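Student: Take a close look at the nonpolar patch on the surface for me, please. I'd like the cut-offs as you go.

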Amino acid sequence: MSRVMPIAAAIMVGFAANTAQAADLPPLPDLDQPLISDRPLGAGWYLRGDVGIGSTGLGSAVSNDAPGTREHTNRRMGTGMSLGAGAGYQFNSWLRADLTIDHRFDARYRGQTRRGTADWHHQGQISATTMLANAYLDLGTWHAFTPYIGAGLGFSAKRLNQYEISSGGTTLATLKNRNRNDFAWALMAGVAVDTGANTSLDLGYRYLNLRHANTGITTGFGGVSLRSLESHEFRIGLRWHFGD
């Protein structure tokens with residue numbers, strides 16, 4: 001018995017020392033935690049497609065290098081349709097961003113100038129291809145409805161074509177087509193509706209600032225500049241989310 005007590009005491013001292021050393025070590029890994037994340041591959045990424053229709057406004061229209069003409073009066077712009085596509089990423093429940101490209105099909109411009117005693121009637125077609133980097137704030141979800149606001153920056157390539165000047169029903173000149181690239185920006189607001197199967201329906205408004213468009217120069221008639229172009233669009237889109 002006298003021998004057992006010293007041996008037991010030594011074992012207890014060793015156990016206490018080992019316990020003190022273990023307290024200084026980092027915790028052991030949780031063996032119940034999976035080695036590979038169970039988050040679906042590609043989660044957060046989405047593709048989108050949009051169709052839009054809306055009116056086009058402009059600040060002014062002027063004829064260049066044509067003596068005797070003035071700023072256009074009776075300016076009118078027709079409606080235009082657009083198609084677009086893009087890809088984006090949902091960072092969290094309130095922030096997302098995407099890259100989009102869309103094409104706005106021909107919208108008709110009409111205007112009028114006066115040279116001497118004759119009225120010159122102008123008409124042409126303008127189209128635009130726009131690429132934007134966009135960011136959005138999602139403002140919470142109520143019964144599958146998520147309102148949002150957003151803004152975009154990029155550039156727009158415009159084409160002013162089929163431009164004719166006429167007077168008294170007779171075509172006087174057909175101005176040269178011209179392409180022009182400019183900085184563009186947009187503001188958006190709308191609501192996304194969760195439609196299930198990793199998809200959401202996007203209903204929104206977009207203001208798009210396209211800056212200017214020009215024709216080429218035609219001898220005797222000069223060229224035409226449409227300034228401060230802007231588009232007010234109602235858009236319907238579909239977003240498909242990966243791995244949600």
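Tutor: Strands here are DSSP E runs of at least two residues (helices: H or I, at least four), numbered from the N terminus. Keep in mind that this is a predicted model, where local features need pLDDT of at least 70 and side-chain atom pairs 80 or more, while totals for chains, interfaces and linings use all residues. Numbering runs from 1 along each chain as its sequence is written, and side-chain values use heavy atoms, without hydrogens or water.

So, to the patch. Its members are Val-51, Ile-53, Met-81, Leu-83, Phe-105, Leu-201, Phe-234, Ile-236 and Leu-238. To get in, a nonpolar side chain (Val, Leu, Ile, Met, Phe, Trp, Tyr) needs over 30% relative accessible area, no salt bridge (Lys or Arg side-chain nitrogen within 4 Å of an Asp or Glu carboxyl oxygen), and a link within 5 Å; like charges would be joined within 9 Å. Together, these residues offer about 760 Å² of accessible area (Shrake-Rupley, 1.4 Å probe, with only the protein chains shown as cover).

Who supplies the residues? β1 (45–57), β4 (80–90) and β11 (223–241) each give two or more. β11 has the largest share, with 3 residues.

Now look at how those strands sit together. β1 pairs with β4 in the antiparallel sense, over 10 bridges (pairing takes at least two DSSP bridges). One of these contacts falls right inside the patch: Val-51 has Leu-83 of β4 as its bridge partner, and both residues are on the patch list. On top of that, β1 pairs with β11, again antiparallel, this time over 12 bridges. There, Tyr-46 is matched with His-241 of β11. So β1 pairs with both of the other strands that give two or more residues to the patch, because each pairing clears the bridge minimum.

Phe-105 is another patch member, and you'll find Phe-105 in strand β5 (residues 95–115). With a relative accessible area of 37%, Phe-105 is partly exposed (between buried, under 20%, and exposed, over 50%; 1.4 Å probe, protein chains only).

While you have the model open, two loop residues deserve a glance for their backbone angles. Ala-144, in the loop between β6 (118–138) and β7 (145–167), has a positive phi near 75° without being a glycine. Asn-198 sits in the loop between β9 (178–196) and β10 (199–214), and its phi is also positive, near 65°. Ala-144 is partly exposed at 30% relative accessible area, and Asn-198 is partly exposed at 30% too.
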